[in-house]
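Here is a short note to read beside the model. Keep the structure open and find each residue as it comes up.

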Amino acid sequence: MKKFPRKFQYPLMASLVLPTMLLGMSAIMTYQNLPEGASFLNAWMNMVGQVVPPALLLLAVIAPSVRLFVSRVLLEPEQQQTDR
């Protein structure tokens with residue numbers, strides 16, 4: 001099996017964790033609020049439709065903001081290498 005370079009570790013982790021969290025949290029919320037006798041699958045799909053679009057929009061705004069904050073404020077600047 002061909003493996004990915006190490007530089008893709010965080011994007012790969014996010015691409016696996018994000019769908020699991022979005023679908024899993026929607027399922028938990030649906031199960032906790034499911035009326036007696038209602039179809040879980042229909043209620044869950046409705047909840048996914050309500051949760052996923054705003055969550056992805058929030059991710060698209062927050063992820064670059066957090067990356068900018070971390071790289072500019074929290075991390076030391078990269079050292080310029082000079083060959084002498």
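1. Start with a term. A helix here is a DSSP run of type H or I with at least four residues, and helices are numbered from the N terminus. Thr30 belongs to one of them, helix H1. Keep in mind that this is a predicted model.

2. Take helix H1 as a whole. It covers residues 9–33. Does its length fit that of a straight helix, or fall short of it? It fits: the 25 residues of H1 should span 36 Å at 1.5 Å a residue, and the end C-alpha atoms are 36 Å apart.

3. Now compare helix H2, residues 40–74. It has 35 residues, and a straight helix would reach 51 Å at 1.5 Å a residue. The end C-alpha atoms of H2 are only 44 Å apart. H2 therefore falls short of the expected span, which is 1.5 Å times one less than the number of residues.

4. Which residues of H1 are buried? They are Leu22, Ser26 and Thr30. Part of their cover comes from H2. In H2, the residues Met47, Val48 and Val52 are buried. The buried residues of H2 pack against H1.

5. Look closely at Thr30. Its relative accessibility is 5%, so Thr30 counts as buried; the cut-off for buried is under 20%. Leave out residues up to four places away in sequence, and Thr30 touches Phe40, Ala43, Trp44 and Met47.

6. Ser26 also sits in helix H1. Its relative accessible area is 0%, so Ser26 is buried. What does Ser26 touch, not counting residues up to four places away in sequence? The list is Trp44, Met47, Val48 and Val51. Trp44 and Met47 are among the contacts of Ser26, and they are among those of Thr30 too.

7. H1 also takes part in the surface. Leu16, Val17, Met21, Met25 and Ile28 make a nonpolar surface patch of about 500 Å². One of them, Met25, lies in helix H1. Met25 has 46% relative accessibility, so it counts as partly exposed. The class runs between the cut-offs for buried, under 20%, and exposed, over 50%.

8. Turn to the aromatic rings. How many aromatic pairs are there? The count is two. In one, Phe4 and Phe8 meet edge-to-face, with 6.4 Å from centre to centre and 80 degrees between the planes. Phe4 is exposed, because its relative accessibility is 59%. Phe8 is partly exposed, because its value is 35%.

9. Phe40 and Trp44 form a stacked aromatic pair. Their centres are 6.2 Å apart, and the planes differ by 10 degrees. Why are these two separated by about one helical turn? Because they are four residues apart in helix H2. Phe40 is partly exposed, because its relative accessible area is 33%. Remember that Thr30 touches both Phe40 and Trp44.

10. Next, Leu57, which is in helix H2. Is Leu57 buried or exposed? Its relative accessibility is 57%, so Leu57 counts as exposed. Leu57 and Tyr10 are 47 residues apart in sequence, and their C-alpha atoms are 20 Å apart in space.

11. Finish past the end of H2. Glu78 lies in the segment after that helix. Its relative accessible area is 75%, so Glu78 is exposed. How far apart in space are Glu78 and Trp44? The distance is 46 Å, C-alpha to C-alpha, with their positions 34 residues apart in sequence.

12. To sum up, check two things on screen. Find the buried residues of H1 and see how H2 helps cover them. Then trace H2 from end to end, where the C-alpha atoms are 44 Å apart and a straight helix would reach 51 Å.

Conventions:
Residues are numbered from 1 along each chain as its sequence is written. This is a predicted model: local features need pLDDT of at least 70, side-chain atom pairs count only at pLDDT 80 or more; totals for chains, interfaces and linings use all residues. Side-chain values use heavy atoms; hydrogens and water are left out. Buried means under 20% relative accessible area, exposed over 50%, partly exposed in between (1.4 Å probe, protein chains only). Contact means heavy atoms within 4.5 Å. Patches are made of residues with over 30% relative accessible area and no salt bridge: like charges are joined within 9 Å, nonpolar side chains (Val, Leu, Ile, Met, Phe, Trp, Tyr) within 5 Å. Accessible areas come from the Shrake-Rupley method with a 1.4 Å probe; for residues, only the protein chains shown count as cover. A salt bridge is a side-chain nitrogen of Lys or Arg within 4 Å of a carboxyl oxygen of Asp or Glu. Rings of Phe, Tyr and Trp (its six-membered ring) pair if their centres lie within 6.5 Å; planes under 30 degrees apart count as stacked, over 60 as edge-to-face and the rest as tilted.
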